[in-house]
Each structure stands twice: as C-alpha cells, then as structure tokens.
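Biologist: I'm new to this one and would like a close look at a single part of it. Could you start from one spot and then walk me outwards from there?

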Amino acid sequence: MKQLWLFNQINSDLQRVEKELTKFVETDYPILQDSAVHLLAAGGKRLRPAFTLLAGKFYGYSLEKLMPVAMALELIHMSSLVHDDVVDASLTRRGRPTVKSKWGNIVSVETGDYLFAKSLVLIAKINHPEVARILAEISVEMCQGEIQQIKSSFDVEQNRKQYYYRIKRKTALLISACCRIGALVSGAPQRQVWAMGAYGHSLGMAFQIVDDVLDITAKPSEFGKPIGGDLRQGIMTLPMILSLQLSQEPSRLQVLLGKMDKTDGEVAETIELIKNSGAIDESMQLVDLYVQKAKKHLQDLPPVPTRKALEELAEFIRVRKF
C-alpha cells in the first residue's frame with residue numbers, strides 16, 4: 001500500500017483496514033485465495049477507505065463502525081478493477097501482473113465476483129438503513145457507465161457530456177459515496193453529509209480527468225502501467241475529445257483515434273498530436289475548477305484539522321503523478 005503523508009491522521013487505522021481486508025478475503029479455494037491476495041498485495045493508494053475514515057473524523061469517529069464500510073467500499077472498487085482488466089486486456093497494473101495475466105479471464109471474473117460478494121457480506125452487517133441503498137444504487141450506475149464505455153469505444157463523435165456521464169459513473173460516484181457514507185455512519189447532520197458527498201463527487205471527477213491526462217503524459221515507471229492504454233482500447237477521454245477541436249491536424253487525429261489496431265508508432269504519433277493541440281492544458285483547467293468546487297463544499301464542515309487535510313488532498317489529486 002502506497003502511503004500518503006496526507007493520511008497522517010488515519011495511517012494507523014488504514015493499516016488496520018489493510019490487515020482486516022487480507023483476513024476477510026481468505027478462502028479454502030487456493031486459486032481464489034491466491035488471486036484475491038495477489039490483487040490486495042498490489043496495493044494502491046487505498047483512497048476510498050481513506051476518504052471514508054476522514055469523513056468520519058468530523059463527528060462521532062468510531063473505527064469499529066467505519067471499518068466494515070471502508071472495507072466494503074474498497075472491495076467494490078477492487079472487484080471493478082479486476083473486471084476492467086478483463087475488458088481492457090490489461091497485463092499490468094501498478095507495475096505488477098494483473099490477475100488476468102496470471103490466471104486468465106475466467107479466474108479474473110470469478111475473483112471480481114467473489115470480492116463483490118464479500119462486500120455484500122459486510123454491507124449486511126452495517127447498522128444503517130441508508131448505506132445498503134446508496135451502495136446498491138451506485139453499483140448499478142457503475143455498471144451502466146462501464147457498458148456505455150464499451151459501447152462507445154473508438155467513437156470519435158463523442159462529446160464532453162457523454163464523457164462526463166461515463167466518468168461520473170466510473171469514478172466519481174464511488175468516491176462520493178465513501179465521503180457521504182463515512183459522514184452518515186458517524187452521525188453527521190444531513191447538510192454535512194450532503195457537503196461531504198458533493199466534495200467527493202467533485203474530487204472524483206477531477207481524479208479521473210487527471211488519470212486520463214496521465215495516460216498520455218505520465219512516465220510509465222511512475223504511473224504503474226504503460227501509457228497510451230486508453231488510445232489502444234478506443235476509450236475517448238477528455239484530452240482526446242478536446243484535441244479534435246483544438247488540433248491543427250484534426251483529420252489525421254480523427255483517423256488515428258478511430259483506428260482499432262494502432263501500431264506503437266501510431267500511438268506515439270497520436271500522443272504527440274494531442275500534446276501539441278493544447279488539450280492537456282485545457283483538461284487541467286477543468287481539473288482546477290473541480291478542485292475548487294470540492295474545496296468550496298468543505299466550507300460547510302466544521303473547521304477541524306481534518307478539513308485542512310481534505311483541502312490538501314484535493315490539491316494533491318491535481319498534481320499527482322501516479
């Protein structure tokens with residue numbers, strides 16, 4: 001697990017979440033055990049459990065109450081990653097082989113299903129009537145977002161509205177739910193629960209746009225996976241959509257973006273055209289707007305040290321390289 005200095009308030013509790021996750025996915029079926037533990041060992045930033053715990057810091061913080069929530073949210077996220085790797089035919093994630101590359105598609109799908117089912121076990125234990133409803137609704141919307149992404153592959157006619165629809169469901173809804181449910185379970189007033197959810201939504205949108213920018217601009221060693229993955233899979237991201245409007249060579253760019261089997265040379269050419277168009281700067285300006293929106297929602301929360309940590313986390317999301 002890649003620790004962030006921004007989680008200093010909750011690092012020890014995050015480590016406990018990590019240990020409980022490892023124990024919780026244990027099973028008597030060796031392949032399922034190995035694949036689930038492999039996925040956990042790949043680490044990651046554990047942003048979703050962190051948001052859940054931080055959201056609970058404003059009110060009646062109780063790790064005992066928040067633990068099953070944080071674990072369930074991370075398991076939902078992990079199950080979606082395993083399924084994504086099958087759809088995207090990804091061989092590495094965070095610099096390590098994916099479950100797909102080690103065990104194949106069938107084991108990957110079943111591992112994802114297993115992790116999602118384990119999240120349901122946790123959700124059933126959470127003593128709050130709203131939690132199950134919220135997680136059920138966002139799980140449905142996440143699936144709809146993935147189907148929309150598959151349906152729109154290599155479609156160069158996509159617009160911003162369609163892109164926002166996808167990333168809201170792909171990323172923002174789950175991060176928003178982490179913040180919202182963390183506050184809800186901790187007994188926050190309704191207005192503050194809404195504010196935390198709105199903060200998480202804005203930050204989730206910013207996070208995904210940055211991710212899409214990094215897929216074009218990052219160093220693979222920092223990013224944890226090869227760049228240009230979205231280009232190869234035909235996923236039209238914001239930098240691509242904007243580059244078609246801004247590029248001096250829109251016809252060439254349209255041909256390249258719409259081509260299904262790009263050579264490495266064509267991927268490199270497409271990346272250069274996108275960079276030269278000014279689309280990266282335009283995309284990052286939108287990230288700045290979402291970060292500012294996120295920080296504005298925090299003004300509805302008590303001025304405790306955790307609020308400052310969430311403000312700094314918003315700034316980190318904007319400048320991150322991994």
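Is phenylalanine 154 buried or exposed, going by its relative accessibility?

Modeller: Happy to, and keep in mind that this is a predicted model. Phenylalanine 154 comes out at 16% relative accessibility, so it counts as buried, the cut-off being under 20%. You'll find phenylalanine 154 in the loop between helix H7 (129-151) and helix H8 (160-185). Its backbone is worth a glance too: phi of phenylalanine 154 is near 65°, a positive value in a residue that isn't glycine. For background, most residues other than glycine have a negative phi.

Follow the chain out of that loop and you run into H8. Let's see what H8 packs against. One partner is helix H12 (residues 238-246): the two axes are 10 Å apart, and the angle between them is about 175°. That makes H8 and H12 roughly antiparallel. On the H8 side the contact is made by Arg160, Tyr163 and Tyr164, and on the H12 side by Leu238, Ile241 and Leu242. Sort those residues by class and you get five nonpolar, no polar and one charged.

Further along H8 sits serine 176. With 12% relative accessibility, serine 176 counts as buried. If you skip its neighbours within four places in sequence, serine 176 is in contact with Gly197, Gly200 and His201. As for threonine 306, serine 176 is 130 residues from it in sequence and 17 Å from it in space, C-alpha to C-alpha.

Alanine 183 is another H8 residue to click on. Its relative accessibility is 0%, so alanine 183 counts as buried as well. Again leaving aside neighbours within four places in sequence, alanine 183 touches Ala55, Ala188, Val193 and Met196. Tyrosine 61 is 122 residues away from alanine 183 in sequence, yet the two C-alpha atoms are 9.0 Å apart. While you have tyrosine 61 on screen, look at its ring: the charged end of lysine 57 sits over it, 4.3 Å from the ring centre.

The Ala55 that alanine 183 touches takes us to helix H3, where Ala55 is one of the buried residues. How enclosed is H3? Ten of its ten residues are buried, so H3 is largely enclosed by the rest of the structure. Those residues are Leu47, Arg48, Pro49, Ala50, Phe51, Thr52, Leu53, Leu54, Ala55 and Gly56. The cover over them includes helix H1 (11-24), helix H4 (63-88), H8, H9 and H16.

H3 also has a part in the aromatic pairs, of which the structure holds three. One of them joins phenylalanine 51 and tyrosine 199: it is edge-to-face, at 6.4 Å centre to centre with 70° between the planes. This pair links distant parts of the chain, as phenylalanine 51 belongs to helix H3 (residues 47-56) and tyrosine 199 to helix H9 (residues 190-217), 148 residues apart. Both phenylalanine 51 and tyrosine 199 are buried. Then there are phenylalanine 58 and tyrosine 59, whose ring centres are 6.3 Å apart with planes at 40°, so that pair is tilted. Here burial is split: phenylalanine 58 counts as buried at 8% relative accessibility, whereas tyrosine 59 is partly exposed, with a relative accessible area of 23%.

One last stop. H16 was among the elements covering H3, and it has a partner of its own to look at. Helix H15 (residues 279-297) and helix H16 (residues 305-319) have axes that come within 10 Å and cross at roughly 170°. Angles over 145 degrees count as roughly antiparallel, and H15 and H16 are therefore roughly antiparallel to each other. In H15, the residues taking part are Met284, Val287, Asp288, Val291, Gln292 and Lys295, and they meet Glu311, Ala314, Glu315 and Arg318 in H16. By class, the contact of H15 with H16 has four nonpolar, one polar and five charged residues. Set that beside the contact of H8 with H12, with its five nonpolar, no polar and one charged residues.

Definitions and conventions: Residues are numbered from 1 along each chain as its sequence is written. This is a predicted model: local features need pLDDT of at least 70, side-chain atom pairs count only at pLDDT 80 or more; totals for chains, interfaces and linings use all residues. Side-chain values use heavy atoms; hydrogens and water are left out. Rings of Phe, Tyr and Trp (its six-membered ring) pair if their centres lie within 6.5 Å; planes under 30 degrees apart count as stacked, over 60 as edge-to-face and the rest as tilted. Helices (H or I, at least four residues) and strands (E, at least two) are DSSP runs, numbered from the N terminus. Buried means under 20% relative accessible area, exposed over 50%, partly exposed in between (1.4 Å probe, protein chains only). A charge sits over a ring if NZ of Lys or CZ of Arg is within 6 Å of the ring centre and within 35 degrees of the ring normal. Axes are lines fitted to C-alpha atoms, for helices over the stretch in contact, and angles run from 0 to 180 degrees between N-to-C directions. Angles under 35 degrees count as roughly parallel, over 145 as roughly antiparallel, 65 to 115 as roughly perpendicular and the rest as oblique. Contact means heavy atoms within 4.5 Å. Ala, Val, Leu, Ile, Met, Phe, Trp, Tyr, Cys and Pro count as nonpolar, Asp, Glu, Lys and Arg as charged, and the others, Gly among them, as polar.
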